[in-house]
Each structure stands twice: as structure tokens, then as C-alpha cells.
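Student: I would like to learn how to read a protein model one feature at a time. Could you take me through this one?

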Amino acid sequence: MNQMKQKLPGIALFGACMMLPATASAYNFSDVFGGDVDVSIGGYAKLSAMWTDTDSGTIAGGAGGAGRTFYLPSSIPTGGDDGDAVYDMTARESRINFKAKTKAGDHTLGVVMEMDFLTTGFGNEAVSNSYSPRLRHYLFTFDNWLFGQTWSTFMDTGALPDALDFLGAPEGTVFVRQPMIRYSLGNVQLALENPETFTDAGISDDNALPDLAANYSMKMGWGHLRVNGLLRQLKVEDGGSEETTTGWGLGVSGKIKILDTDDIRFAVNYGDGMGRYTSLGVVRDAVVDPGDGSLEAVESLAGFVAYRHMWNSKWRSNVILSLVEVDNPSSAPGSLNESANSIQVNLMYNPIKPVTLGVMYLHGQLEKESGDEGELDRLQFAAKYAF
């Protein structure tokens, strides 16, 4: 992503530098950081036009729902008799970020803030299409330490597919942003992250311990390989009773270069109670046994593989396969998901480097524990300017 950069001497507050005009270098602020601050503004403007057809009913949430603005496998309707075709246009994925970096003596400080407009309310498509911004990232770094909200340490962003949709392989991808304290040293990262427990009864914030996430990455001439680990407490309190169990996850992910321009990207994640971290809500962390109220962790296997082919310097294509298989406890209700999968094929064109025009075809399937099934087909056109 290209970014506009300006060196700003003596910025007192990062919030202040966000509001500066293009001639910000002419302003003189008190030097809190002890040196010049490199500030950058980045992001992208994106329009998506989507035709979506389902075979078992209507996607919940209406025109402004998450399943209508990007592909959300858990939103595929199941068990219905009639299909439904809808057309949507949205610019809500567009985003903007602000970054600042400086040296203070022997220390390096940085701040990142990013927002977009997905999955927020206060909008309607009758007149204004006005959607409120949402927080994606807000963090600061101090040497090897990170404090704030960003991608989970269990997630490998370097392996994400090159997709036209918001997320290329949602069924098989670890995809979580949350508050954390992270320490990085060489190829190793270790973090304490915000805990929540996602059960068949909903989201519980009763956890008494943070989630522990770690990864070890190896970068080589042919690409990169990363091993990811997760250990967490799952906890639910109800009517004075308290139930806990242990959740964990292991993953391997990476990118392999093919010839001079192509690559294969992949991830495999397996665990017992890692559900909230994968598959955008398809998998629960645990199920509450209706008999004795005990908490049973949900076992799952999630993964994807994507191949990117560069036709030339301006044209490229991607084929993305993604799936998740869920082994719910025998006490799980039939409304829980048992499996989901999808295939995406896209063609993208860069008339100039920062501008991308593309088309995509996607086919997704969702199956419930009850045996109810649903399918979704989507054609999408997108135009994006990254700055």
C-alpha cells in the first residue's frame, strides 16, 4: 500500500497530527517525543458491486447486513425451499489509517490507527447510506513491545490470499483483531490477548485469564513459513454457577513462491476450543451441556490454499479454496454449523499501480448439525484506489 508521508518536527499529540493540512511541516508543536516524527496517511477507496443468489432463503440482516456487504459463510441461509437473488453496491469496505513513528533517545516509538465502515449501523439505503466508522486498529509500539488493538498473534496476515472480496478464505482463516500486549524478539512473538468465550448461548465475557498466543516465523528465499499457537481459558457463569474448560489451537501457514511471479498461500489450523479465532463465526468455542451445565470445547479443522498467477505486469488471477469441519459435542443443538466451504476465482487488472479493477465468482456452502444445507453464488465487480 502506498502512503503519503510527511516529516513533522515536534508533534505533541498523534491526534493533533491527524488534523494537520498538507503544509503541516510549517507548524511548530512542543517536542514531546524528543525528535522528528514521520507521519503517514494510507488506506484505500473501494466500490463493490455484487449479485448474490442463494438456494435456501434470504441472507439475514437485509441490505445493510454483513452477509450482503462481504462474503460471510455463517450468513448463508439453510433449510429453505426457495432461493433469492439480490444486487448490492457498497463503499463501506473503504478505509483510512494514520501512522506515526519517531526516535526518543535509544528507543523507537510508533502509533497506528485505522478505521473503516463495515458491520456498523446508523445507515440506510433509502437516502443517505450514512454508516458510522468502526475501529480496526489502534495501538502503539515501544521498541519490541506492542500495546493496543490489532491482528491476533495467532493470525498470519502474510499468508492471506490475494482476494477481491473483503476476505479471501473466511472458512479456513484465522481472523481476529483485539486488544493485546505483545512482545517480539527475532522470529518469535508472544502475546496476552483479550479473552471472550463464544458458545451456543452467545458471547460470554466472564473469563478470568487472558488468551495466550504465540508464533514462530521463518523467512527464506522461496517465501515464508510460520507456526502459530493458542492457549486459552473458556468460561461461562450462569445463575451463580461457574463452568470452565481449556481451549487450544495449532496452525501452520505460509507463502511459497512459484517461478518468478506466482505463489501459493496456505494455512491449516486445528484445535479444541479455538472457534472464535477462525472462520468468521462458523465455529463455537464451546457448547453448554443442557444436562449438567458443563462446558464442552468444540473441535475444529480449518484451512485454505490459494494460487496466484501473474499473467503479466498488469493482469493477475487467483483461485482460492477454503473449508472448515466442525466436530460439535453430541449435546450440541442442530442449529450449530457442521461444515462450510467455498471456492473463489478472480481476475484483477491494474491500469496503474495503485488502481485495481476486478471481477470474482464465488460459490459457498454451509451445513448445519441438523442436516440443513444452503448454497450461495456471488458475482462481484470491484474498483479500488490504494493510497
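Student: Let us begin with strand pairing. Which residue of β19 is the bridge partner of Glu299?

Tutor: Asp327 in β19 is the bridge partner of Glu299. Keep in mind throughout that this is a predicted model.

Student: How many bridges are there between β18 and β19, and in which sense do they pair, parallel or antiparallel?

Tutor: Twelve bridges link β18 to strand β19 (residues 315–327), and the pairing is antiparallel. The two strands make a hairpin, with four residues between them.

Student: Which strand is joined to β18 by ten bridges?

Tutor: That is strand β15, residues 262–272, which runs antiparallel to β18, residues 299–310. One pair to look up is Asn269 and its bridge partner in β18, Ala302.

Student: Next, cavities. How many of 30 Å³ or more does a search of the whole structure find?

Tutor: The search finds two. The largest cavity holds about 70 Å³ of space. Asn269 appears again here, as one of the lining residues, and others among them are Phe154, Met155, Asp156, Asn228 and Phe304. By type, the lining of this cavity has six nonpolar residues, five polar and one charged.

Student: And pockets? What is the volume of the second largest pocket?

Tutor: Its volume is about 600 Å³. The lining consists of 17 residues, and those nearest the centre of the pocket are Phe175, Val176, Arg177, Arg276 and Leu280. Nine of the lining residues are nonpolar, four are polar and four are charged. As for strands, β6 and β8 (177–185) each provide at least two residues of this lining.

Student: Now a single residue in β6. Is His137 buried or exposed?

Tutor: To decide, compare the relative accessible area with the cut-off: buried means under 20%. His137 has a relative accessible area of 6%, so it is buried. This residue lies in strand β6, which covers residues 134–142.

Student: With which side chain does the side chain of His137 make a polar contact?

Tutor: The partner is the side chain of Thr150, at 3.0 Å. If we leave out residues up to four places away in sequence, His137 touches Val112, Met113, Glu114, Gln149, Thr150, Trp151 and Arg177. Arg177 was also named above, among the residues nearest the centre of the second largest pocket.

Student: What about Ile256? Where is it found?

Tutor: Ile256 is in strand β14, residues 241–258. Its relative accessible area is 31%, so Ile256 counts as partly exposed. Beyond its neighbours within four places in sequence, Ile256 is in contact with Trp222, Asp262, Asp263, Ile264 and Phe266. The C-alpha atom of Ile256 is also 8.3 Å from that of Leu225, a residue 31 residues apart from it along the chain.

Student: Last, backbone angles. What is the phi of Leu259?

Tutor: Phi is about 55 degrees in Leu259, a positive value although the residue is not a glycine. Leu259 sits in the loop between β14 and β15. Exposed means over 50% relative accessible area. Leu259 is at 77%, so it counts as exposed.

Student: And what is the phi of Leu280?

Tutor: Leu280 has a positive phi near 50 degrees, and it too is a residue other than glycine. Its place is the loop between β15 and β16 (286–288). You have met Leu280 already, in the list of residues nearest the centre of the second largest pocket.

Conventions:
Residues numbered from 1 in each chain as written. Predicted model: local features only at pLDDT ≥ 70, side-chain atom pairs only at ≥ 80, totals over all residues. Heavy atoms only, no water. 1 Å grid on protein atoms, 1.4 Å probe; cavity = no way out; pocket = protein on both sides within 12 Å on 5 of 7 lines; lining within 4 Å. Points joined across faces, edges and corners; volume = space filled by probe spheres on them. Nonpolar A, V, L, I, M, F, W, Y, C, P; charged D, E, K, R; others polar. Pairing = 2+ DSSP bridges. Buried < 20%, exposed > 50% of the residue type's maximum accessible area, 1.4 Å probe, protein only. Polar contact = N/O pair within 3.5 Å; in protein donor to acceptor, adjacent residues only side chain to side chain. Contact = heavy atoms within 4.5 Å.
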